[in-house]
Amino acid sequence: MDRQQEYVLRTIEERDLRFVRLWFTDVLGTLKSVAVAPAELEQAFAEGIGFDGSSIEGFTRVYEADMVAQPDASTFQVLPWRGGNAGTARMFADIRMPHGGPAQTDPRHVLKRALDKASEQGYTFFVHPEVEFYLFKEPYISGQAPTPVDQAGYFDHVARGDGHDFRRAAITMLEQMGISVEFSHHEGGPGQNEIDLRFADAMSMADNIMTFRTVVREVALQHGSFASFMPKPLAGQPGSGMHTHVSLFEGDTNAFYEPSAKYEISATGRRFAAGVLAHSREICAVTNQWVNSYKRLWGGEEAPSYVCWGHNNRSALLRVPMYSIGKGHSRRLEIRSIDSACNPYLTYALILSAGLKGIQEEYELPDEAEDDVWALTDGERRAMGIDPLPQSLGEALDIMENSEFVAEVLGEQVFDFFLRNKWQEWADYRSQVTSFELDRYLERL
Amino acid sequence: MTSSPGTPLAALARAGFTDARRADTLLRDALKAMPAETDLESLIADVSNTADPDQAALGLVRVVEGNAEAASSLSKKGVERQRMLAILGASCALTDDVVKHPEHVDVVRTAGKPEPAAVVEAVQGLEDRPGADALRVAYRKELLRIATADLMAKDPLVAMPIAAHQLADLAGAAIEAALHLARVEVANSELAKVTVIGMGKCGGRELNYISDVDVIFLAAPVEGADEEAAMRAATSIASAVMRVCGQATAEGSLWPVDAALRPEGKRGPLVRSLDSHREYYTRWASTWEFQALLKARVIAGDEGLGQEWLDMVAPLVWEAGSREGFVEDVQGMRRRVEEHVPASQSDRQLKLGPGGLRDIEFSIQLLQLVHGRSDETLHSGTTLEALEALRDGGYVGRDDAAELDTAYRFLRVLEHRVQLYRMKRDHVMPSAECDLRRLGRSIGLRGEAEREVVERWRAQQREVRRLHERLFYRPLLQAVAKLSPDALRLSPDAAKTRLAALGFRDPNGAIRHLESLTSGVSRRATIQKTLLPVMLGWFADGADPDAGLLAFRRISDALGTSHWYLAMLRDEGTAAQRLARVLSNSRYAVDLLIKAPDAVALLGDPSGLVPLTPDAIRTRMTTAWQRQECTADAYTAIRNVRLRELIRIVLADLVGDLTDKNIRLALTRLTDSFIGAGLEIATRDIERKREAELDIDLIIIGMGRLGGREIGYSSDADVMYCFAPRSSDSKDVGTKASEVITVLRKGLGGSGPDPTLELDADLRPEGRSGPLVRSLESFTSYYSRWSAGWEAQALLRARVIAGDGGLATSFIDLIDPLRWPTDGISGSAVREMRKLKARMEAERLPRGADPRTHFKLGLGGLTDVEWVVQLMQLRHAARVSGMQTTGTLPTLWAGVEAGIISAEDANVLEAAWLLASRLRDVGVLWRGRAVDSVPSDYRDAEGIARALGRKPGHGVELAGEWRRTARQSRNVVERLFYGDPAPSPRGYPSRRS
């Protein structure tokens, strides 16, 4: 028992917590939770909690079902929305096999492996996501378009706005859970909000994003609405992305920073960017993992549909944001393809690994795209060597399936499961007859 | 030699000068500078008594020339002059110092006690370069005192720890002085309290004459100071300390200060607060860091802060032994210690490699971590003190501890003397004769010192080489069996803790086995008592130490009294080691050896691990069965031969140098001979029953992997039986053939001494519904009904393995045109094969099996690769003679040669086929039964990875490795077998709509 674990046990006693939830994430990015009575926690620290992995998406097959959830005491937090005298706390858990060794299918382990690789090369990976989501009025009735809570737009201040109260409540609760919020505002779509989390190392951040989604949903419910991280809930309105700013540190030094270089981006930074761009088509099925994700990517507005980079170019997939002279610490790259409904562990593992591959193999960064790439013709884009991202989940899977790189980063088991599951989703989707088809064809054909 | 300054050269040579003429000149020069009454004879005696008389003579001249005071004081004979000469003869670096600082002559001559505090005093009121110079001069002055006492000591082994202790204190004082200089230099330095923690040998008060000084910097703001500003100042102070000590000035440099042992190593901040350290050590630190902390000691700066820090880390250090993964971490660390030696110096290393200084220190620290949790007496940071405490607690045997103590001191003395000469960080025995001579003489040897010092060093090395046995394992034996009347013994609980730390998962069981193996006064128990400490180490290195020990007990019980067994274990060192490896890594080998314990003798036989030639096996089987009248006994006889040969192959696989390919070949040859001998016995049996010579010819055709000469441990023998009457008036020929085959199958099948070999005839015409035995005529008419061409696929691997030569030729003549059709096979036949294969993929996989992990029937597995090869063969073998063979890989590469398949694709397919074949085989070795897919169990995967020859700890990677190899193979199969890239989604036949 280490001190962190002792601290957890003491806190539970002192604050009279009745339940402790162990959180983990399945391969598709859904949060899973198992409750442990405080009395069993000591045992759980020592040996973990056994559970049947076969019922968790992507974890294991039926005949090797036993898995162990091992709580990570450093992630202990009291859940603020389960207040009252008998509170509840949560810890993230690592998933292990019964005879020791991490489960290869645990997304946390996939990210950890990627981070370990970075750390072998002397790097720490920091990320800073801007999470967008919509608030809709309760309830959602199948077949009817959801109703946003307001009709405001980008940065609008809404008088007596529910969104206002909501954001304040959500931020308070996030801060109570140790998640620092940098920034929040109303986004472009009606009922759409954005909350930016303060940068942290990728593992903490992936945990934070999982927590964030839960908190936002809880708070929305308390305010009589519901939150959705669906990438494109409303046709004709902006989708919900999760633009992520990334940076690599070597000890205390920002490895992307080079004061004399263009945009103050070092050679390492350029290679990292080149790596992310070069592999962006292969990893698209993970960064944008739902059928609906491609409606956002190809729905116009600011969506990054083409593989290119720019400075202050809001149509680029990868952006080198504005910088203030001399703030070397904050030099970073913004990746704009990721959407809010991704599995953050797998996504960050792939982004990091793509960047590291760029560094290691000294990829050349292509020329900067200075125009609005949406405004170019196909021919112009082709001449400039700008590839489109996949048009659909099916195409993304096709590309990913041939990627040794993605297989290596995700590990063969996750790779295999992910493809299988997503092909199934694609097949299910293809078999649908949509209202688009009925409206357009039924009477005419 | 009287008052005349001239000295006969012969006398000088006899006195030990190597260059007498030069020495003569030098001594004359020295004498000239000295007062007239100086006694030359005693001077020569004193000079010649040093480690390097020539060097000392030269040094003497340099010291006394132009220094009348020194000349005068050194003219008098006695211990004071001897002290100076000892330094001059042992260290040219210190000679330079004395020449440069004449006042140091008196320091050496008077041999005062070292006063480390003087170093701190020397820098008071100074700064910058003058400060750094003063620090260096003062440091050397104290260093001279330490070296003088060390060199003058009667017994260098006794003096070693004292010198090492003083050197550590001196280094601490030098850091304190550097800290003072740094504070003067750094702005705002008053904001921060700074403590320097000594780590490594400095922390353990056992420093060398010259080495990196390992430290960790710790800081806190003084009361009321801004924390950030304070930490910034502290970081500047720490950098300044490192610079002050490390940089070269007019007075040279001290030594590099190394802060790499701090949290996060070189990537972490140079200075941390107490809280930051606590945070790191409770959350992130790994086992080796706790082991390093064992030596932590406050050496400079704020003591109160340092004490708080020590109070914080101490409990963590002693809890480290109960951390998860401790055993694996420790084993990994041990391997690194043993491995890390530059090859060029492996033979002359004092520090690195097995039995080197680091190995000793590491092993002692490991025992401290294992037992120190429950025993506070073991908490010393000093190697020799810790060893003493381990001895007093009974954790290490008394005699072993004494010998190790001596060995360690001796190696350290050598290291000290080597370093002292030039003040260079060096841990290698010199090779030049003059260097060795000086080294030998510096530890008091005379005569042929250069030879003797090497001999003594080698002797100590031999002692230390059995270090792990002495430290780790022998005390365990002490705990269960009275080896010596030593009253101090490892307690049963401590023995269990230690067994667990060494990797035994069931310490109670292990203790029971040890007790059983060593109880009693029999010759066997006596030999095993001496053997087991070594063997325990070998078991512990295996994948399953517990199983190894248990198997050893069972085999010893079976063989215990055999004279050859004990002699083999005792006398043939490698035999015992091989046995331990076999037993702790292979359940299959254990199962076989339990049935035939005396086959253990193969391990002691130089040619024991080379598979016999087919002829030799045949002869052994024939002589074995022909002695038996009864048919059942005859079969038992050949099955015993098979068991023994199988053991030979298994042993050669595990500890010999049989390659993967040759294992499959050896197994095939053994199976061929076995079935052949079986057929002879059956023929004799029927001839006796019928009281007539059989008038039929009978052959057995090997199919599948047997036909391809590529069977593994778990393969069935796929066969067909074919007969022909010898003459046209033979009668009842079908019945006779059936009778023979029935006897054969009964004889080879069922339980017996060897693992059962199933004869599987399902690949015969019409499969299970066809007759078991067919005449050549019947085969001919059956095959003539074929039309499509693809039916001959199974025949591609047909090979006659036993029976009459004439019939064999006829049979082969019959099938060759079928399996290698002149114009290949038609497009529709190819489509037919593809359809068949696609259906099989959906249907044949056993229930619950994962198509991604099944070696044989899974995607990209054995069947996939073989079908690609066989399709290629059906199409092209008629015109490519290299493809007219039954082996999978030879055919594949013949295809590459003929340009039918690219070498790149062939490599991918071969890799998958080889990995699948090997995994199946090592699966049997490890688990004792067939393993069809990558085991999900961690320990199984680990055991299989070890049997594959992987380094320990890599088992978990196996599943990923197979999945990757198979996925790549499947991609090639899709393209080559199905003709074009697969439509997506690919590879999920059951899901395709």
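This is a short tour of a predicted model, from the meeting of two chains to two domains inside one of them.

Residues are numbered from 1 along each chain as its sequence is written, and chains are lettered from A in the order in which they are written. In this predicted model local features need pLDDT of at least 70 and side-chain atom pairs pLDDT 80 or more, while totals for chains, interfaces and linings use all residues.

Select chains A and B. Here 21 residues of chain B are in contact with 25 residues of chain A (C-beta atoms, placed from the backbone, within 7 Å). On the chain B side, helix 43 gives the largest share, five residues (helices are DSSP runs of H or I, at least four residues, numbered from the N terminus). That side holds six nonpolar, five polar and ten charged residues (nonpolar: Ala, Val, Leu, Ile, Met, Phe, Trp, Tyr, Cys and Pro; charged: Asp, Glu, Lys and Arg; polar: the others, Gly among them).

Next, select A:412-430, helix 13, and B:957-977, helix 43. They pack at about 50 degrees with axes 8 Å apart (axes are lines fitted to C-alpha atoms over the stretch in contact; angles run from 0 to 180 degrees between N-to-C directions). Show A:Glu412, A:Gln413 and A:Asp416, which meet B:Gly960, B:Arg963, B:Arg964 and B:Arg967. This contact has no nonpolar, two polar and five charged residues.

Finally, colour domain 4 (621-819) and domain 5 (827-991) of chain B (bounds come from an automatic or database domain assignment). Their centres, taken over C-alpha atoms, are 27 Å apart. The contact takes 20 residues from domain 4 and 17 from domain 5. Within domain 4, helix 32 (631-655) is one of the helices to select on that side.

Methods
Helices (H or I, at least four residues) and strands (E, at least two) are DSSP runs, numbered from the N terminus. Two residues are in contact if their C-beta atoms, placed from the backbone, lie within 7 Å.
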